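The report below walks through one structure for a reader who has not met it before. It begins with the bound ligand, then turns to the metal, and ends with some features of the backbone.

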Amino acid sequence: MKILAIETSCDETGIALLDTSGPVARPKVHIIRDAVSSQIAIHRPFGGVVPGLAKREHIKNLPIVLEQVLGKNPEKQKIDAIAVTVGPGLEPALWTGITFAKEIHKKYFPKAKLIGVNHLEGHLYSFLLTKKNKTRVFPSIALVVSGGHTILSLMQSMTKRKKLGETCDDAVGEAFDKVARLLNLPYPGGPEIEKLAERGNPRAIPFPRPMMHTKDYDFSFSGLKTAVLYYMRDHKGADRADVAASFSEAAVETLVKKTMRAAKQYKARSVMLSGGVAANKRLRSSLEADSKKLKLPFFVAPFKFNTDNAVMIGVAGYMTYVRRKNHSLRAQGNLNL
Ligand code: KG4
Ligand code: ZN
């Protein structure tokens, strides 16, 4: 099945062409072409994503990115399905992708199926983009960490899952972005904090690890962000690299501790990490090391598929299709896992 996938939930305009096959328990994915146009430079002066600007840029970029993926004569391609993100995300941005999907469906590929995709399932299923053996991975503990979400799930099979917990306040990516602002770093904050943290001492400042020892699988990151705010206020000459490293350490330790506790409790056979914050090397290596201690395979997609992209939307689109599910083709800003 040839899937054209479209992602416009936030500040990346992504389009990908995938060849997908296989039954629901053993899906196979081959990436034919993949393009992303990032709006980071446009939003950077504002310190975050401006929804109106995102919408304008998606409308401008979608035809350009489509041409990069399908060439000048898209109608000559055989496309079986068009998968498009319907949520969660910024509704004005989501609508641009949905409207574009419907337009090209009508104009070029009237026989193709239109598949609405949950962006979070895109992150969740991004483990299918790894080359590792995927037999006997379930039950798996899957941690999804992005700018808007922090969710811990138990995946009982390729299609069955149960949410174990999520953040009660800020998402961990949001905490990275907010702490970056306190440190006068540009948007998006995650990669900037990571760079600065490399020169700092992660043990320099004992920032709190909110909810790390609670029995549930929920998270809280707003108190950690506030602790950084107070620390900066009370220590005017603070070494910013130490602050970045100590903050990252607190966030990573909380995520890893709870994920591994869930892996033990549910006798998981693997651990999965996805979402934009999965690009953080400290988080990847720490979760991988702890998984190894329990002899569990650890899955995380290659770096470019951690932050938003259309390839993962194509993969989740295929899973949505083979499960005979569909989401209605309207923007659903608050869709969850
Ligand atoms: O998944 P994503 O691209 O968009 C959403 O679905 O939200 O995630 C974006 C988030 C941002 O908060 C960004 O700061 C964070 O991922 N991020 C990182 C890193 N790269 C991106 N956080 C920590 N370390 C990184 N290297
Ligand atoms: Zn995302």
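The space taken by ligand 1 is the largest pocket, where a pocket is, on a 1 Å grid over the protein atoms alone, an open set of points at which a 1.4 Å probe fits, with protein on both sides within 12 Å along at least five of seven lines, and a molecule sits in it if more than half of its atoms lie within 2 Å of its grid points. This is a predicted model, in which local features need pLDDT of at least 70 and side-chain atom pairs count only at pLDDT 80 or more, while totals for chains, interfaces and linings use all residues. Residues are numbered from 1 along each chain as its sequence is written, chains are lettered from A and ligands numbered from 1 in the order in which they are written, and side-chain values use heavy atoms, with hydrogens and water left out.

Around ligand 1 there are 18 residues, of which His123, Gly147, Asp177, Glu194 and Asp308 come nearest; a residue counts here if one of its heavy atoms lies within 4 Å. By class, this shell has four nonpolar, eleven polar and three charged residues, with Asp, Glu, Lys and Arg counted as charged, Ala, Val, Leu, Ile, Met, Phe, Trp, Tyr, Cys and Pro as nonpolar, and the others, Gly among them, as polar. Helices α4 (119–124), α5 (172–182) and α6 (189–197) each supply at least two residues of the shell, and α6 gives the most, with four; helices are DSSP runs of H or I with at least four residues, and strands are runs of E with at least two.

The table lists polar contacts of ligand 1, that is, pairs of N or O atoms within 3.5 Å.

| Ligand 1 atom | Protein partner | Distance |
|---|---|---|
| oxygen | Gly173, polar backbone atom | 3.1 Å |
| oxygen | Gly190, polar backbone atom | 3.0 Å |
| nitrogen | Asn280, side-chain N or O atom | 3.0 Å |

The protein covers 89% of the 560 Å² of accessible area that ligand 1 has on its own, as computed by the Shrake-Rupley method with a 1.4 Å probe.

The zinc ion (ligand 2) has as protein donors His119 (NE2), His123 (NE2) and Asp308 (OD), lying 2.0 to 2.1 Å from it, where donors are N, O and S atoms within 2.8 Å of the metal (3.2 Å for Na, K and Ca). Because His119 and His123 are four residues apart in helix α4, about one helical turn separates them.

Turning to the backbone, a cis peptide bond with omega of about -5° joins Gly87 and Pro88, and Pro88 lies in the loop between β4 (81–87) and α3 (91–107). The peptide bond from Phe138 to Pro139 is also cis, with omega near 0°, and Pro139 is placed in the loop between α4 and β6 (140–145).

Notes. Polar contact = N/O pair within 3.5 Å; in protein donor to acceptor, adjacent residues only side chain to side chain. 1 Å grid on protein atoms, 1.4 Å probe; cavity = no way out; pocket = protein on both sides within 12 Å on 5 of 7 lines; lining within 4 Å.
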